[in-house]
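Let's take a walk through this one, from its overall division down to a couple of odd spots in the backbone. Have the viewer open as you read.

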Amino acid sequence: MTSTDQDRIAELTDRLEQELTDRTPRSQEVYQRAKLVMPGGVPSSFQEREPHPIYVSGGSGSKVIDVDGNEYIDFHNGFGVMVVGHAHPAVAAAIAKTAGQGTHFAAPNEASVRVAEELARRFRLPKVRFCNSGTEATMDAVHLARGFTGKDCIVKIEGTYHGHHDAVMVSVKPPPDKLGPPDAPASNPFSAGVPRAETNLTLVVPFNDPDALERLLSARADIAGVIVEPIMLNIGVVMPKPGYLEALREITARHGVVLIFDEVKTGITIAPGGAVEYFGVIPDIVCLAKAIGGGVPTGAVLGTEEIMATISEGKVKQLGTFNGNPLSMAAAEATLFEVMTPDAYKRLGEAAERIEGGCREVIDRYGLPAYVVGAGAKGCVMFSDTTITDYRSYAVNFREDLNNLGWLFHMTGGVFMTPGGDEQWTLSVAHSDANLDHYVGVFEKFAKSITA
Ligand SMILES: Cc1ncc(COP(=O)(O)O)c(C=O)c1O
């Protein structure tokens, strides 16, 4: 690529922005109405987009349709939830059957026992409690770590997202002037409304730097737990360096600090037993949500006998009106037992090879400043000419302009993706080879257009 590419990128970006706007007049109309009643015109700030979001009317298998009738192959898959594909017959049938038998009792049900047994088996931790989202799962994990150790502070990784409760809304995407020194990153609240006193209880270390954690745990005796996303999945895909997760396991065990894996995204998507299985490292607590519910809100927190005993002893309160709700449990049971079978993981592995290999080939052929990285159903093209290993290397090297233009090519080329550099593709069992090749084909058009 040459220096004149900047003008070309800007010109193409303007043209495709306009094309997307022209194709989505009904979304524009819905937005005008929506923003009168919902801030930003959306139910969650993560769905905001300028000049307007794309409102979706439905989906089936690997496809979604927007309110203008545009059809896309879905690689967004509901922020990584729909690894089963849309309206999977087994999941839809389980939900329909349960809906006809009563949807909520706030009394325990048998399906929750079967789902708990399967999650315990897959994630190699003996005890399970349910909740309703990733936020609740990480909130419960923080309570458990604090309740078990009697200490207040939590360590998180700079640049990771673990949901929207106070203890983890810290240094999620800190601005460059607020980072603090590399060996002592500052704790920055991610949102107004998070009290400074709460933020101060959350300490921050870089990803892929076990020595930083060792130094922190040696210096302080007030740390209850360390929460880590085993693969950083909110700045594309950032893999742990070989030995990093093993080092975290060893260091936390030696210091008597609880190790929490936030597997809300890696969960059942990168392997049947998530990062625990993929990397062979067993933490003290695993947080799950997203894909385990097959598209119905659910979450779970799994832990060791000793830690989870704090719940049965009544010390740590783990609560929720909708925990283990029949609809969520029916969808989870169908997802785990009927859809995400060994054959499904075999197919996801083949699909990953196909899309990753295709994108890699395009990058090489056109000499793009990018590389491909993936694990199971998760993967992406990282627009950077050096490997990103943590939030600071992302902040400096990630080419947001190319990422955004690639997104516009996909959206106008019939590929549904999340905007921004935070996300990655999520493959589903419904993606055909033709779907995967379509993704690569659009990516090639993008590559050609900026290098021609
Ligand atoms: C790693 C991780 N943890 C927790 C959460 C929060 O999950 P939820 O949006 O279900 O509250 C997310 C959401 O994107 C996530 O990616």
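What follows covers the domains, three helix pairs, the ligand surroundings and two backbone details.

## Two domains

Keep in mind that this is a predicted model. The protein chain splits into domain 1, made of 5-83 plus 341-451, and domain 2, which runs over 89-339. Their C-alpha centres sit 26 Å apart. Where the two touch, domain 1 puts in 30 residues and domain 2 puts in 28 residues.

On the domain 1 side of that contact, five elements each chip in at least two residues: helix H3 (77-80), helix H13 (342-366), strand E11 (371-375), strand E12 (378-382) and helix H14 (391-397). By class, this side of domain 1 comes out as 16 nonpolar, 10 polar and 4 charged residues.

## H12 and its partners

Helix H12 (residues 326-339) is a good place to look at packing, starting with helix H5 (residues 110-123): the two meet at an angle of about 40°, their axes 9 Å apart. With that angle falling between the 35 degrees that bounds roughly parallel and the 65 where roughly perpendicular starts, H5 is therefore oblique to H12. The crossing of these two helices is left-handed. H5 brings Ala111, Ser112, Arg114, Val115 and Glu118 to the contact, while H12 answers with Pro326, Met329, Ala330, Ala332, Glu333, Leu336 and Phe337. Sorted by class, the contact of H5 with H12 has 8 nonpolar, 1 polar and 3 charged residues.

Now turn to helix H4 (residues 89-99), which packs on H12 at an angle of about 150°, with the axes 8 Å apart. H4 and H12 are therefore roughly antiparallel, and their crossing is right-handed. From H4, the contact uses Ala90, Val91, Ala94, Ile95, Lys97, Thr98 and Ala99. The H12 side includes Pro326, Ala330 and Glu333, residues that also take part in the contact with H5. The tally for the contact of H4 with H12 is 11 nonpolar, 2 polar and 3 charged.

## H8 beside H9

How do helix H8 (residues 210-219) and helix H9 (residues 244-255) run relative to each other, roughly parallel or roughly antiparallel? Their axes come within 10 Å and cross at roughly 10°, so H8 and H9 are roughly parallel.

Pro210, Leu213, Glu214 and Leu217 make the contact from H8, and Tyr244, Ala247, Leu248, Ile251 and His255 make it from H9. That contact divides into 7 nonpolar residues, 1 polar and 1 charged.

## Around the ligand

Which residues come closest to the ligand? Of the 14 residues surrounding the ligand, the closest are Ser133, Gly134, Thr135, Gly163 and Val264. Helix H6 (residues 134-149) gives the most to this shell, supplying 3 residues. The shell is made up of 4 nonpolar, 7 polar and 3 charged residues.

## Two backbone oddities

Most residues other than glycine have a negative phi, and most peptide bonds are trans. Two spots here go the other way. A cis peptide bond links Glu50 to Pro51, with omega at about -5°. Pro51 belongs to the loop between helix H2 (25-37) and strand E1 (56-60).

The other spot is Arg124, a non-glycine residue whose phi is positive, near 60°. You'll find Arg124 in the loop between H5 and strand E4 (127-131).

Notes
Residues numbered from 1 in each chain as written. Predicted model: local features only at pLDDT ≥ 70, side-chain atom pairs only at ≥ 80, totals over all residues. Near = placed C-beta within 6 Å. Helix = DSSP H or I, 4+ residues; strand = E, 2+ residues; numbered from the N terminus. Nonpolar A, V, L, I, M, F, W, Y, C, P; charged D, E, K, R; others polar. Axes fitted to C-alpha atoms, helices over the stretch in contact; angles between N-to-C directions. Parallel < 35°, antiparallel > 145°, perpendicular 65-115°, else oblique. Left-handed = near helix turned anticlockwise from the far one by under 90°. Contact = placed C-beta atoms within 7 Å. Domains from an automatic or database assignment.
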